[in-house]
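Here is a short report for a first look at this structure. Begin with the display below, then read on.

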Amino acid sequence: MNGEFMKKVEMILTVGGKRALMPIKYYDEICTFIVRELEQNDGLRFVELLDKADSVIGSEMRGNLSWYLLHVKHDLQARNIIRVERDVNRVQIIQLRRKYKEKLRAFRAELKMPSGTDRS
């Protein structure tokens, strides 16, 4: 296996504590996908995001895409890059926070990850 796949990101799963590891390659792909989709849409339901992820990047992932997407979503929420609200039916609506670009740029720099802007 190459070094990029072996390098891991430690994700924050809750605002107070639990953490998990994910290959940085997967984290970067999913994070970039989530941010790009939310930039193009004012807000997305989690189910819509999962469906889009499955059709766009699902074939590139080994393992459970929904697990990866859920954990990256929790991490981005804990880092105040996205916010998750629930409607009256308890459906999750995901949106970018106002100053998400600054926080995302600082986080990527800390991990020495690509900016994510060079992807189409």
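## After helix α5

In this predicted model, Lys-112 comes right after α5. The phi of Lys-112 is positive, near 60°.

## The length of α5

Helix α5 covers residues 100-111, which is 12 residues. How far apart should its ends be, at 1.5 Å a residue? The expected span is 16 Å. The end C-alpha atoms of α5 are 16 Å apart, so the model agrees with the expected span.

## Two faces of α5

Five names mark the buried side of α5: Tyr-100, Leu-104, Phe-107, Arg-108 and Leu-111. These buried residues lie on the same side of α5, because they cover an arc of only 100° around the axis.

The face turned away from that side looks otherwise. Glu-102, Arg-105, Ala-109 and Glu-110 are exposed there.

What do the buried residues of α5 pack against? Their partners are two strands, β1 (8-12) and β5 (92-96), and two helices, α2 (24-40) and α4 (65-78).

## The whole chain

Step back to the full chain. It holds five helices and five strands. Along the sequence they follow the pattern α-β-β-α-β-α-α-β-β-α.

The chain has 120 residues, and 42% of them are buried. Among contacts with a separation of 6 or more, 52% join residues 24 or more positions apart.

## The surface

The chain exposes about 7,300 Å². Carbon and sulfur atoms supply 48% of that area.

Methods:
Residues are numbered from 1 along each chain as its sequence is written. This is a predicted model: local features need pLDDT of at least 70, side-chain atom pairs count only at pLDDT 80 or more; totals for chains, interfaces and linings use all residues. Side-chain values use heavy atoms; hydrogens and water are left out. Helices (H or I, at least four residues) and strands (E, at least two) are DSSP runs, numbered from the N terminus. The expected span of a helix is 1.5 Å times one less than its number of residues. Buried means under 20% relative accessible area, exposed over 50%, partly exposed in between (1.4 Å probe, protein chains only). The arc is that of the directions from the helix axis to the C-beta atoms. Contact means heavy atoms within 4.5 Å. Accessible areas come from the Shrake-Rupley method with a 1.4 Å probe; for residues, only the protein chains shown count as cover.
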